[in-house]
Amino acid sequence: MKIGVFICHCGNNISAAVGVELVARHALRLPGVVCAHTIHHACSEPGQLLIQKCIREKGLNRVVIGACSPRVHEATFQRVLVQAGLNPYLLELANLREQCSWVHEDREAATRKAIDLIDMAVGKVARLQPLLSSKVDVNKRTLVIGGGIAGIQAALDVADSGHEVVLVERTPTIGGNMARMDKVFPTLDCSACILTPKMVELATHPNITLHTYSEVEQVSGFVGNFKVQIRKKARLVDMEKCTGCGACTLKCPIKAPAEFNLGLDKRGAVYIPFPQAVPHIPVIDKSICTYVLKKKCGLCQKICPTDAIAFEQQDEVLEEEFGAIIVATGYELMDWTVYGEYGHGKYKDVITSLQYERILSASGPTGGHIRRPSDGKEPEVIAIIACVGSRDAAHGRPYCSSVCCMYSAKYAMLTREHLPNSRVYIFYMDIRAYSKMYEEFVQRAQEKYGANYVRGRVSKVFERNGRLVLQGADTLLGQPVELEADLVVLAVGITGTASTIALAKKLNISHDEYGFLTESHPKLRPVESSTPGIFIAGACQSPKDIPLTVAQASSAASKVLGLISHDKLETSPLVAEVNIRRCVGCFRCLDVCPFSAIEEQVLRDGSKVARVNPALCQGCGLCSAICPPAAIALSGFTDDQLISQMEGLCSQNPV
Amino acid sequence: MSELLNELKEKVAGVLPKVTCFIGYGAGFDPLRVAPVFIRKTEDIDRLQWNRFCVHNLATYLPPHKYPPGFLFEADEKIGILLKGCDSRSVVQLLQEGIIDRRKLVIIGLPCWGMIDVTKLQGRIDINKVNRVELDEQTIMVFTNQAEVSADVSELLYDKCKACQHPNTLIYDEFMGEKRELTKDIEPFTQVSQLEQMGLSARAEFWDKQFARCIRCKACRNVCPLCYCQNQCLLDTRVPHWTKERVDAQSNRWFHLIRAFHLAGRCTDCGECARVCPMNIPINLLPMKMNQELFELFNWRAGTREGEKPPLMSFQLEEEKIS
Amino acid sequence: MNRTLKLNQVDDQFIKQIEQNSGQKLNNCYQCGKCTAGCPIAHSTEFPPHKIMRMLQLGIKEPVLASATIWLCLSCVTCTARCPKEVDLAHIMDSLRELAIKEGVTQARKQPIKLFEKLFLDAIKQHGKLYEMGTLARFNLLTLQPVKDLELLWPLLKKGKLKFTPESINDLEKLAQIFKSSQS
Amino acid sequence: MMTKDHKYRGPGGNPYLPRLATITKLYPETPNIISLHVALNDKKEMAGFSFEPGQVAQLSLFGAGESTFVINSAPKQKDYLQFSIMKAGEVTSAFHELSVGAQIGLRGPLGNCFPYHEFGKKNIILIAGGLGLAPLRPLMFHLLTERRKYADITLIYGARTPDDLCYLSDLDDWEDHGNVKIIRTIDREVPGWGYKVGFVPTIVSQVAPAPKNTVAVTCGPPIMIKFVLVELEKLGFEPHQIYTTLERRMKCGLGLCGRCNIGPKYVCIDGPVFSLAELKKLPNEM
Amino acid sequence: MPKSITQDKLADWLNRISQKYQLWASQEREGISLLSPYQPEAGFTLERIPQLSAKGVLFPQSECMLKYCYKKDPDNPEQTDLSLEGVEPHLKTVIWGIPPCDVAGINFFKHVFTGSGYHDPYFKARHSECLIVALACQQPETTCFCTAVGGSPVESPGADLLLTRIDHEYVVEAITPKGAELIDEDLFGMPEEKILKVVEQAKKSACKSLEAPFKLESLPVTADKMLKVFESPHWKEATRACISCGICTFICPTCYCFNMADEAQGMCGERLRCWDACMFPGYTLEASGHNPRLAKFQRYRNRLSHKFSYLITNNQVLGCTGCGRCIKECPAGIDMRRIIAHLLKEV
Amino acid sequence: MQPEPRIIGFLCHWCSYAGADMAGTSRMKQPASVRIVRLPCTGRINPLLPLKALMDGADGVLISGCHPGDCHYREGNLYARRKLELLHRFLPFVGIEPKRLRYVWVSASEGARWQTIVEEFTQQVRELNQTLEGYPSEGGKASFSNEDNVSSSEDKSF
């Protein structure tokens, strides 16, 4: 063991408060220390060269540097070791600046502490072992899950940089919720006008493979090397042959509520979800098609000019490999029927915001004319109730859905444009219009479009004389109010989806209780999931409007590009390692590992022990803290090293 | 008692064809003691005993980790076992930890009225010279060549039995006799509270004295059904160097603290560690204190609810009782 | 006032009238309350200014016209000066007073306010500035409460805040012109 | 054979006390084996230190502990003793961290030795695996000093991979200058390996040395020894023709601490060298 | 000639001994009797056999064998010097009031640690300056079987003094001259003739009360027989309940296995020898992971074979004094008497 | 004057160690009492580590991690909280003053909070040291000193 100790003056940042010469002299008394020097600036070139010279000349095999925080220069000094031919993990830094000289005034006390810190570092460094980071190949393909605007944007960004992308969409078409929208705030431009070109671009992009009507079934592997099983559900329509003429959809005698229009109208058993759908190819709903169920009908098959109806088609499971995954599974509206007070689905004219989007949409069930569902009449008074399923702890939705304020204002404007004589009332709690041009948008709704904002939640909606009566309050006035309305639009809160939760389990990424995916760090790693190599974009992470969704999607794409720009990934060697001789197979480590990095391994004698997948391990050390026989150790922070570090403090001679 | 014993023998005779070995109690070296027996043949069933001395927690023989397959049982052996209420907690805990396989276990359960702590007779009579014992529900008469003494059974019960919370086997395939109802609520952690009436330094001194006696025979660890690390026990290793070789109060204390922390949330209060201690150190108090705190913090009692995650293996973002 | 307010029965006419008379968009008010926060009389009135605004937005007519607020308003214009949405609230108050007078919504209780206004304006007309002593004395006598506020007399005098004799501005001519033009 | 009166007395007559020694040279033998040259600090003691092939010594690294290693330098080598240490437990790992000049403790020589004086005029076949060559190395040196006394000498030496073979230069030397037939083998085929491939016992059966007028000495991992013994007996070797050295966990090296026994025999004082005939008399407790 | 001392004077006697010697006597602690350094205020007891045998006085559970110190000169940091210091204990000791089976244990140690092989200097130093006062055992416990292994409850060769209690009086026989020196005339009297007769009587009945659980033939035959039953399935059968703890070995008067380990404190430290137990699974575990005695029956077999065979072969001494502690304290109720008896019947 | 107490700090790398650095960067003066052991996460803390520190003679142990919910590893500190709370409650049972152990949450931006915590905790430990209250044992205190603590006393009982 040959330990070299280097104490940095850091100009006089350290030496002003710490007797660095004394500390260096003390270090020479410690076991294994063969040289100790002070350096003016250890991080400077001369400083680095001195350290390297000592390593070479004295044959040092461990290095302690007393300087600034390891958060500042650990990487610098690790490189110094590497350049001198030493393993970079044989280094221990003692923080003599941030945690000593800068915070202590009493020179003697600071020097004594510095000596202790060096004792501890020497204690620990003596137990350090060389560590080798392993390298894994990086697969350059990217999987994007979800074909809404987030998925589309992310896929295009990655594909545009020349990398291969596979996009998997659960429904028969891409477009997601944005495709349902009529106009979008804050500019009120047409959603379809900005979205459909992107959809087409995606479908025709040479680097993108699109799997609609498909689901991710199983995911294994780790960053750079994911293996994914994708189930392509049988459309029963041959995508090669079909020209998308839509003749079949017109002939189909079966009718079912149209998902795309949220049940506001019906579609056939063979249908194209909406006119701009991509791919523009029908799908047959196996659950209602009488041919599928009873082998009767088959009209579509008869009428199809290209013989594209393929009842014999089976689900197909693809096995693909990817280096990175972007999850962009979007959102749903929460189940508002828990609000019995709002009519429980009893009143046809109490509708959700997304339904209203369809009613407003020119391609929607009413052809863009505002007519209420019950009798098709134009409503005169339209009430919008905000925060239905948002900011409501009692219904388990304490968070803000963040877009309702904006689209409520949008509805007010669009409604007034469609029906200039209508009155629009918006029952709200607060207006959250924080982004660029948003506040102005809301103001415009009030000032230019005469939207009536009533601050207060509606307590009840009931029917009286054929009209819907809203019982509310005007908290600004401090008075209960009542409104008779013809159409009530609920600004229903946004929630994560059950299918996202199921997917999160497959991907082993974490999600919160509402079904939103959890980012790795709320501020600094907002698009990384908890699992390396898996990124998140859009409303599957939290309620989000379109601009933010697109921004996050591009951000996720850039993270992916950063990842796959490497041919090999170096995994940190500061990961847990199992000493299989000591492991007794209690698997407590497996239970607590937040990253599912631990698995069972069966030894030749049949006994089961734990094994760490170093590519998945993040090095938190929970496993080694819970392992009773200390069989699993976190490299760089083993019990042995920490004990030795503490003993360094407890057993050495004072000054 | 004798009725139960007969029922037990019948039950075991019924169970034996299904298992390769039945673990029960048999005669010990004197009338005050019993010893675990491993019944493999029908003719051995008569060796079984059931009396007020059957204190051993037989669950300790179950974890395959403790005894490598082939040395106590073969890997595929199905085992029958007699479990008292308190002992069954150990089995539940072992099942919870995934250490034993319920399918390879046939459990005979019964009600228990508490076991006699023969050391409580010491002082009234030399228990190492006893050659005859007469016992009924309430009274015990003990004879040596020179003396005899009679005592009230309820006074002689183990402390754990006096604080018994689970008089009936919690998990079983067959149950003998009628379940015993607890007549009143008993504070389960009395022994802990007694010690806590001392001041801080008095407590330190108390433990110093206790641990000074410890000879580190490791019987406390080895008898514990939850201590199944065996060879790999942290207390037997020098890398990492947690424990010191020297046997003195300081390092003995450390030895027992390590064990207590390894049992935190897992100890089922069977008290075997204290029972087997040849130096009469109340070692069970350390894990029992953990149990008390874990009960207060998380309403957790190890070995009473299979399938529930132990408190130190789980968390809440907002902890109800931790600020 | 605590009856449930029926939003459907909004007095559109009233809203239009006020908006026209004052030249203000009532919907521009977003109820931040800064008007009330700065209003010197807000503490002593049933409907502080922002609430008046809210009532106007909802077309609530009678209570507004009958409220003391519109009369107590000092026209100090702090509300207007500070409104982040540039609503000229003082102007709206004027319009409300006008409308109230026009519609005859003046209750007995409110008489002294009118009287006070008259006496106040008389003093200004006469001196070009306020003659506190004279105006107050006349007001108290005319409202048959001669000893009202008498306890304040000595402290105010001592501090030189009150003068027995009126002071006048220099160019009373011009003032007379202003009055004249405003009445025309 | 070594007699028991050749006892290690220790400083002050305390056989538990090591003599102080210095590491004079240190070099890697394989990726996890190092060889050390150790010289007693007392020059006189060093000069007077004599041992027989097969004997062991206890090396102390104070703070880490003491461990038993076979002395594998030539018995004639008087200025240092060589030991080879495989990284396995606490003590051996600590030894791997040492540098030249490090101070250690040494107790020895301990144990018995190979009965080479009974080997005269005989063919000698040495069979070793991995670091099992260490005990045979001093024996080989000794045999070569009196090469004419013995008939054919063959060494079958195997390891897992070419990297795990120890004392490579010695092997060449013995082959080139010592009139020793050397058969090298590794467990599994590796490109560029010009010698045999297969486990040592298999190679023994392939080479099939004739038992007549031959003694076999084998050392290596327990499992290798076990199967080599089987092979040798199959070839017709009598138990008294076969010698092996045993490894057991030892502490005191004096027959007192009581853990290295096989039946009534202690590996530390009655061994480590045993003939198969002796072993057969002992309870089967390998 | 035997002397006698009355019970009330024992404390005085002990106080006097403790002036000149380190005196070990039994003390009552937490319901067990423990041989401890004598402190007048703590008193003493002769009521029960001490929980642990007396071996710990001469062979302490942890004992410093040597101290070492690495020293560094800051001016020459690459050189580290080492100094060693052996620690040999020299202390005049009296062990007082132990039963003959424990004295037999010390005799056993003498054979093994200072016999024909290497001598143990630590034991030797302690033993050479140690006097033993034995107490005849008149009411053996249910686990006692000293007579079966060649001992006697009432005679104590190897002791320096032997006490026999008759009511409130203790008759003291000096076995060695050194022992006689412990008898201070003023505290002792001459026992009456009839008392001496009572002593004889009591001794006889004590011997009679002990039933031998097995009969041993000569030592070599025993050694041979035990070797022959090495492969008996009974070893496994009889030790199923064993929990592999160290109670039987630690409380045994003859178990002497030990471990040596260093404890460092900074640059200095000590080499300790601590009791070890062949019943621990890790006892023979090698660094390679190989364990020649992996199963508990193998360890138990080794322990009893050691006592009843190997020690006879190597040291001509039987490794059991019949104190019965291992039976009494076994957490699993294993009774070695039954096992020996069973095995001896197999051959 | 009594020497400054010696406190071992176990700090997670991501929040609290950065917070302590932050205090340094902002020159927030503190008593020179805490010697910090950097860990990746408080989840790495086996309760035996702080316990050993106390038994080996540290005057106090200060543990700090990310605020609950902010763990870099998602949940490490949440496990740690349970273990440390248990340790804290257990200490007095074996005669160790629980006030010698404190666990806190300090984020990377809370340099000032770290400073306050160090000041408070140091003061608390200073007060305990004055009475020598709740040391694990007398031997504990000594092992920090220069004394050659290698002992050979053998007052065992048998």
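Reader: What makes you say that chain E and chain A are in contact, and how many residues take part?

Author: This is a predicted model, and in it eleven residues of chain E are in contact with twelve residues of chain A. They are called contacts because heavy atoms of the two sides come within 4.5 Å.

Reader: How much area do chain E and chain A bury between them?

Author: About 940 Å², and 50% of that is on carbon and sulfur atoms. On chain E's side, K72(E), P74(E) and E78(E) supply 49% of the area buried against chain A, more than any other three residues there.

Reader: Why is the pair R25(A) and D75(E) called a salt bridge?

Author: Their closest N and O atoms are 3.0 Å apart. The cut-off for an Arg nitrogen and an Asp carboxyl oxygen is 4 Å, so the pair qualifies. The rule finds two salt bridges across the interface of chain E and chain A.

Reader: What else joins chain E and chain A, and how many residue pairs are in polar contact?

Author: Six residue pairs are in polar contact between them. As for the side of chain E that touches chain A, its residues divide into four nonpolar, four polar and three charged.

Reader: Let's go to chain D and chain E. How many residues does the contact take from each?

Author: It takes 42 residues from chain D and 49 from chain E. Together the two chains bury about 3,700 Å², with 56% of it on carbon and sulfur atoms. Y16(D), F62(D) and L256(D) supply 18% of the area that chain D buries against chain E, and no other three residues supply more.

Reader: How do you know that E66(D) and R271(E) form a salt bridge?

Author: Their side chains meet at 3.5 Å, N to O. That is within the 4 Å allowed between an Arg nitrogen and a Glu carboxyl oxygen, so the name fits. In total, the rule finds three salt bridges across the interface of chain D and chain E, along with 28 residue pairs in polar contact.

Reader: Which element of chain D gives the most to the side that touches chain E?

Author: That's β6(D), with four residues. The elements giving two or more residues are β3 (56-61), β4 (65-70) and β6 (103-110) of chain D. By type, the residues on this side divide into 21 nonpolar, twelve polar and nine charged.

Reader: What about chain B and chain C: do they touch or stay apart?

Author: They do not touch; their nearest C-alpha atoms are 36 Å apart. Chain C and chain F have no contact either, with their closest C-alpha atoms 34 Å apart.

Reader: Back to chain A. How many of its 655 residues, as a percentage, count as buried?

Author: 60% of them. They count as buried because each has under 20% relative accessible area. Chain A has 18 helices and 36 strands, and its C-alpha trace spans about 95 × 65 × 45 Å along its principal axes. Looking at contacts in chain A between residues at least 6 apart in sequence, 68% join residues at least 24 apart.

Reader: How do you know what confidence the predictor has in chain D, and what does its pLDDT average?

Author: Chain D averages a pLDDT of 92, and 98% of its residues score at least 70. The scale runs from 0 to 100. Where pLDDT is low, the predicted coordinates should not be read in detail. The model scores ipTM 0.83 and pTM 0.79.

Notes
Residues numbered from 1 in each chain as written. Chains lettered and ligands numbered in written order. Predicted model: local features only at pLDDT ≥ 70, side-chain atom pairs only at ≥ 80, totals over all residues. Heavy atoms only, no water. Buried area = accessible area lost by both parts, 1.4 Å probe. Polar contact = N/O pair within 3.5 Å; in protein donor to acceptor, adjacent residues only side chain to side chain. Nonpolar A, V, L, I, M, F, W, Y, C, P; charged D, E, K, R; others polar. Buried < 20%, exposed > 50% of the residue type's maximum accessible area, 1.4 Å probe, protein only.
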